[in-house]
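Here are some short exercises to work through with the model open beside you. Try each task before you read its solution.

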Amino acid sequence: MTDAAAIRPQDRATTPRPRRLPQGLLKWVGVAPFLIFAALFLILPTLNIVVGAFQTPDGGFTLANIAGLFRPEIARPFWISIQLSFVTATLGCLIGIILAAAVTRGGLPKGLRDGMLTFSGVASNFAGVPLAFAFIATLGRLGLVTVIAKEVFGVSLMGLGFNLISFLGLTLTYLYFQIPLMILIITPALDGLKREWREAAESLGATGSQYWRMVALPILWPSLLGTLALLFANSFGAVATAMALTGSSLSIVPIILFAQIRGDVLQDPYLGYAIAFGMIVITGIANVIYIVLRTRAERWLK
Amino acid sequence: MMKSPKFWSWIAFGGGLFYFFVPLIGMFEFSLRAKRGEYSFLAYQNVLGDPQFQQTFFFSFVMAMFTIVWGVLLVTPTAFWVRLKLPQLRPVIEFITLLPLVIPPIVIVFGYIRMYNTSSFLPLTGSAMGTNILLMFGYSVLALPYLYRAVDTGLRTIDIVTLTEAAQSLGAGWITIMFRLILPNVLVAVLSGAFLTFAIVIGEYVFAALLNRPAFGPYMVWMGSNKAYEPAALAVIAFAITWACMGLIQLFTRLSKHERAKA
């Protein structure tokens with residue numbers, strides 16, 4: 001009877017507390033729906049894939065699926081994806097911090113700073129299919145820039161070897177959400193650079209570039225590297241943009257996995273699980289780096 | 001001669017402006033080209049008049065609404081309870097809410113397909129309704145990091161312990177506390193999380209495509225490979241929606257700061 005009463009949270013205020021144990025259990029009832037939901041729709045599905053990556057079709061343990069990741073037709077897309085993510089993350093960080101520094105520290109009107117932050121909020125969410133369309137309309141075969149280059153400047157971008165469905169094209173497109181994400185994350189860090197540090201450096205005779213090189217950058221370093229890892233993971237898992245941009249003609253990991261889930265193109269479901277597992281490992285490492293470095297960076301921002 | 005930092009700042013800003021606005025202009029210009037030889041809104045007319053557009057957009061819209069309601073109902077009591085009774089559990093819950101940023105969505109949906117197929121213990125993918133529910137759960141998982149953070153930030157600004165004790169001493173039960181005390185107090189925070197969720201769900205592609213549901217994302221991809229100018233019109237519409245969502249978030253945040261300042 002007391003147990004039944006303890007399960008109904010409404011009764012808690014009116015019934016006298018029976019013993020310690022039900023009271024302790026009751027506490028957990030409050031978070032049970034969330035934990036059950038997270039287990040069923042986030043953790044178990046992922047574990048399911050991870051387990052599948054180490055299974056034979058009849059349920060035994062094997063490393064053959066993981067070994068399959070190193071076959072050239074799988075290893076190559078992984079390598080291209082890693083390169084793509086690394087390049088877009090690095091360029092995103094670099095350009096993002098330059099833009100953020102320009103509006104926070106470069107003496108530009110304050111309105112520009114707010115405008116840039118708002119726009120970054122929009123652009124970092126303007127990913128996926130529509131973003132691909134925007135770039136096709138701009139740099140595709142009949143895109144605005146392509147047409148202007150040809151008719152006004154007489155330059156054929158295609159003739160120069162530019163193709164939107166390529167490593168370069170994907171990089172240009174991904175930067176559209178990578179740079180704004182960097183701006184959103186790094187602006188608070190730049191705001192955290194205290195004016196006193198700059199004044200102290202200047203009173204010791206430091207030039208602007210010396211201040212950045214010897215004071216600001218070392219302080220920002222953990223945030224920078226951490227954000228680099230986050231941007232890496234961000235682009236590594238992106239599927240929709242690449243799908244809409246290239247159809248499925250460019251072999252990057254998410255596209256291979258997408259095709260595999262749709263129609264078992266590898267004709268080996270277990271290799272599919274291994275690919276998914278490989279993706280988790282890579283984004284997982286990137287995110288652990290991000291979290292560790294962010295905690296270190298926060299020391300300076302208090 | 002060294003130029004001043006201000007000069008270089010303007011150069012950087014100009015470059016950024018160029019990179020970010022040219023694709024927007026390109027997208028808009030392209031969407032107007034549907035009629036040969038003149039600019040027109042024909043592509044928009046085609047898109048808006050397409051029954052497929054209306055159906056898929058409606059589907060995703062309803063999906064977004066259900067996702068928001070479900071997400072808020074799931075996250076708000078949890079965040080409240082953790083702050084009130086189980087602060088030691090906070091790191092665990094926060095870690096779970098960050099997982100969807102770590103695990104690529106395509107892997108999560110892959111897990112769903114394997115776990116909830118027709119021969120499983122919970123054959124959600126066996127029926128259209130079941131798959132819709134699974135899709136909604138998937139979307140609330142994608143929204144979890146943003147929604148939880150938003151609600152938790154909202155809770156931080158109110159003294160929930162005192163408020164809860166006051167309500168209890170007046171005889172309020174947990175349901176009353178939740179709906180008449182906590183939710184109204186974190187409403188602004190919840191709304192900003194909700195708009196972000198809306199922006200995510202409305203254009204989502206991977207979940208909907210792999211679970212085979214007629215959502216707006218797969219429709220856009222289908223248009224992309226079958227039409228010339230309509231995709232650009234869709235992109236303009238999607239951009240406007242994203243912009244509207246972010247604008248509303250800012251508006252509500254500003255309003256709440258105002259009210260707090262008055263109080």
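**Exercise 1.** Find how many residues of chain A are in contact with chain B, and describe that side of chain A by element and by class.

*Solution.* Start with the count: in this predicted model, 63 residues of chain A are in contact with 68 residues of chain B. Next, look at which elements supply the chain A side. Those giving two or more residues include helix H3 (32-53), helix H5 (72-105) and helix H14 (269-298) of chain A. H3(A) provides the largest share, with 12 residues. Finally, sort the chain A side by class: 42 residues are nonpolar, 19 are polar and two are charged.

**Exercise 2.** Work out why chain A is more spread out than a compact globule.

*Solution.* First take the secondary structure: chain A has 14 helices and zero strands. Then compare two values. The globule rule gives 19 Å for 302 residues, but the radius of gyration of chain A is 26 Å, well over that, so chain A is more spread out than a compact globule. Now add the extents: the C-alpha trace of chain A spans about 85 × 60 × 35 Å along its principal axes. As for burial, 40% of the 302 residues count as buried.

**Exercise 3.** Draw up the matching profile for chain B.

*Solution.* Begin with the elements: chain B holds 12 helices and zero strands. Its C-alpha trace spans about 75 × 70 × 35 Å along the principal axes. Of its 263 residues, 44% are buried. Last, turn to the contacts in chain B with a separation of 6 or more: 75% of them are between residues 24 or more positions apart.

Methods:
Residues numbered from 1 in each chain as written. Chains lettered and ligands numbered in written order. Predicted model: local features only at pLDDT ≥ 70, side-chain atom pairs only at ≥ 80, totals over all residues. Helix = DSSP H or I, 4+ residues; strand = E, 2+ residues; numbered from the N terminus. Buried ≥ 20, exposed ≤ 12 C-beta atoms within 10 Å, placed from the backbone. Contact = placed C-beta atoms within 7 Å. Nonpolar A, V, L, I, M, F, W, Y, C, P; charged D, E, K, R; others polar. Rg over C-alpha atoms; globule rule 2.2 N^0.38 Å.
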